[in-house]
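Visitor: I am new to this structure and should be grateful for a guided introduction. May I begin with a single residue and then proceed to the whole?

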Amino acid sequence: MSSRILHIASNTFREAVRDRVLYNLIVFALLMCGAAILVGQISIDIERLVVVNLGLTAVSIFGIVIAIFIGIGLVSKEIEKRTLYTVLSRPVRRWEFIAGKFFGLAGTLIVNTFFMAIGVFAALLYVSHHFQASDAGVLVALYFIILQFLIIVALALFFSSFSSPLLSAIFAFALFIIGTFAEDLRGFAALTHGAERWLATGVAYLVPNISALNVISQVAHGEPVAGQLILYNTGYALLYSAMVLFGAILIFEHRNLK
Amino acid sequence: MKPPRTVTVAASLLLIITLAGSTLLLRQVDKVRRGATLQEVLYISSPQALKRLSLGYSGLMADIYWTRAVQYFGEHHHEGASNYALLGPLLEITTKLDPKLLVAYEYGSNFLSAEPPLGAGQPNEAVELVKHGIKNNPDQWHLYYDLGFIYYMGLKNYKAAADAFMQGSKLPNAHPFMKIMAANMAAHAGDLQMAQLMWTTTYESTKDKEIRANAAAHLRAIKVDKDVSALNAMISRYENQTGLTPHSFAELAQAGVLRGVPLDPLGQPYKLASDGSVEVSDPDDLPFITRGLPLGYKPPAKPKLLPVN
């Protein structure tokens with residue numbers, strides 16, 4: 001990675017920290033402590049299940065909200081503040097700017113998830129008093145959540161490269177919701193015929209496949225996640241994010257910034 | 001400032017490559033997670049909980065679950081499966097989310113009651129589904145017909161079937177054949193004629209191609225069973241009268257007993273086996289027949305349903 005991309009990425013990370021994005025960790029910590037202490041008192045034998053379900057869901061929702069609401073401002077805020085012109089007047093290419101912003105926000109979210117993961121495992125240790133072999137599945141679920149973040153950050157950045165922050169947020173959030181039904185969409189497309197089938201299949205493959213990246217219920221029940229799925233999901237998330245980023249680069253390269 | 005051409009070309013090419021790559025990988029993901037969506041949706045198996053979670057959009061949720069049930073049935077049916085474990089729960093969720101979704105009762109009960117591999121072979125669950133439909137849609141005579149059909153064909157409970165047809169026939173908009181059905185049920189329960197009447201009604205009252213093809217196959221099977229019985233009786237009479245054992249239908253035609261070689265409902269000639277038994281030419285094309293099968297014949301795992309024109 002070029003040093004220019006690294007600089008933009010580190011600045012994006014610093015900016016996110018300055019914007020108090022990591023404050024969500026305090027809310028998360030309180031949530032996990034509350035869940036770990038309360039569930040044991042008000043329910044029977046589902047402490048571990050609740051901690052895993054609640055913890056991973058919170059990691060996912062907090063991260064997606066951050067990815068969307070920070071991601072949509074990555075380009076438009078720079079234009080609004082006119083800092084983009086200062087950056088681009090230096091020997092920085094537009095595509096490097098986009099790539100740097102992506103890596104910066106993705107890095108922020110990975111750090112955020114790392115601290116949240118510590119919180120989830122601490123709560124698990126509190127309720128179970130020891131770790132189990134099936135807890136490794138929680139790590140896989142966290143890894144898939146990070147892959148989801150990469151896709152959402154790329155999408156938010158893509159919309160941010162040509163649209164207003166409000167519309168970008170709506171588009172990114174809508175695609176996230178559609179993405180959770182992606183497998184259904186492909187199934188429905190398979191039921192159609194003729195030209196509609198091609199069109200429906202095309203759309204079904206173009207929207208992000210978020211559902212396959214959500215294994216929270218599975219790992220909460222201690223079910224293993226197939227190694228092949230980890231491999232294919234990794235490849236898919238990286239390629240899909242890259243595809244969206246290339247789309248953002250294409251648009252941003254041709255955008256008139258005057 | 002014009003963007004550098006190399007960046008545009010490279011980004012465009014990489015976009016296409018990554019799109020193709022992600023599509024290919026997604027197909028692999030689908031293979032690994034085959035059926036996972038359906039398993040996952042049933043993590044919440046309570047229709048009441050789902051109704052609350054749907055935030056008032058339970059109609060749309062029911063449509064999605066109905067489509068999932070159709071997909072599930074379609075995939076398993078295509079594979080000739082004998083286990084349809086998730087079909088019942090999917091239909092229950094669908095109809096509890098939208099109790100007015102008539103198609104889910106009509107087709108769903110058909111999917112549930114038919115014997116594997118044509119269906120789940122769960123007639124009792126099908127009865128419960130239709131009863132739930134009748135409770136929520138008491139003015140729909142079609143549901144009474146479906147209930148009577150399942151009682152008759154799936155459970156062989158002729159009295160319950162007659163009751164269902166009778167109740168349905170009393171509805172103001174009921175089709176006249178409901179009364180005929182109820183009347184015939186008492187006199188001819190278990191007869192081939194009654195079964196023929198039921199399948200004819202099904203054939204004429206459904207728009208679904210699969211159900212029509214299934215009804216047509218059953219009607220052909222009833223015709224073959226009747227034909228074979230009649231031909232056997234005729235051969236026995238001939239043997240008694242002449243003391244000769246015929247070796248072919250052509251021989252019987254020459255003797256003036258038959259007008260020609262008899263044909264099955266698909267237009268293929270019946271055959272006379274060396275042991276004197278009547279056989280159909282191609283049993284694979286005539287699923288569900290109980291008579292006229294060649295000795296040692298093994299039916300295919302999935303009955304062959306010929307398209308209906």
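Visitor: Is F288(B) buried, exposed or partly exposed?

Guide: This is a predicted model, in which local features need pLDDT (the predictor's confidence in each residue, from 0 to 100) of at least 70, side-chain atom pairs count only at pLDDT 80 or more, and totals for chains, interfaces and linings use all residues. Residues are numbered from 1 along each chain as its sequence is written, while chains are lettered from A and ligands numbered from 1 in the order in which they are written. A residue is buried if 20 or more other C-beta atoms, placed from the backbone, lie within 10 Å of its own, exposed if 12 or fewer, and partly exposed in between. F288(B) has 19 other C-beta atoms within 10 Å, and therefore F288(B) is partly exposed.

Visitor: What is the value of phi at F288(B)?

Guide: F288(B) lies in the segment after β2 (278-279) of chain B; helices (H or I, at least four residues) and strands (E, at least two) are DSSP runs, numbered from the N terminus. The residue is not a glycine, yet its phi is positive, near 75°.

Visitor: Is K156(B) buried or exposed?

Guide: K156(B) belongs to the loop between α8 and α9 (158-169) of chain B. Its phi is also positive, near 55°, in a residue other than glycine. Because 12 other C-beta atoms lie within 10 Å, K156(B) counts as exposed.

Visitor: How many residues of α8(B) are buried?

Guide: Helix α8 of chain B covers residues 141-154, and its first and last C-alpha atoms are 19 Å apart, close to the 20 Å expected at 1.5 Å a residue; the expected span is 1.5 Å times one less than the number of residues. Among its buried residues are H142(B), D146(B), F149(B) and G154(B). The helix is mostly covered, and of its 14 residues the buried ones number 12.

Visitor: Which elements do the buried residues of α6(B) pack against?

Guide: Helix α6 (residues 102-113) of chain B should span 16 Å because it has 12 residues at 1.5 Å each, and the 17 Å between its end C-alpha atoms agrees. Of these 12 residues, 10 are buried, including Y105(B), E106(B), N110(B) and L112(B). Their packing partners in chain B are α4 (58-78), α5 (87-97), α7 (123-136), α8 and α12 (209-242).

Visitor: How many helices are there in chain A, and how many in chain B?

Guide: Chain B has 309 residues, of which 34% count as buried, and chain A has 258, of which 44% count as buried. Chain B includes two strands beside its helices, whereas chain A has zero strands. The number of helices is 12 in chain A and 13 in chain B.

Visitor: Which element of chain A has the highest mean pLDDT?

Guide: The mean pLDDT of chain A is 86, and 95% of its residues reach 70 or more. Among its elements, helix α2 (residues 24-42) has the lowest mean, 73, while the highest, 94, belongs to α7(A).

Visitor: Which helix gives the largest share of the largest nonpolar core?

Guide: A nonpolar core is a set of buried Ala, Val, Leu, Ile, Met, Phe, Trp, Tyr and Cys residues joined through C-beta atoms within 7 Å. The largest has 86 residues, and those with the most contacts inside it are A67(A), I152(A) and V153(A). Its largest share, 18 residues, comes from helix α7 (residues 136-160) of chain A.

Visitor: Which residues is S168(A) in contact with, leaving aside its neighbours within four places in sequence?

Guide: S168(A) is found in helix α8 (residues 165-180) of chain A, and it is buried because 26 other C-beta atoms lie within 10 Å. Two residues are in contact if their C-beta atoms, placed from the backbone, lie within 7 Å. S168(A) and A156(A) are 12 residues apart in sequence, with 6.4 Å between their C-alpha atoms. Beyond those sequence neighbours, the contacts of S168(A) are I72(A), A156(A), F159(A), S160(A) and S163(A).

Visitor: Which element gives the most to the side of chain A that touches chain B?

Guide: The two chains meet through 29 residues of chain A in contact with 25 residues of chain B. On the side of chain A, the elements that give two or more residues are α9 (182-191) and α12 (227-254). The most, 16 residues, come from α12(A).
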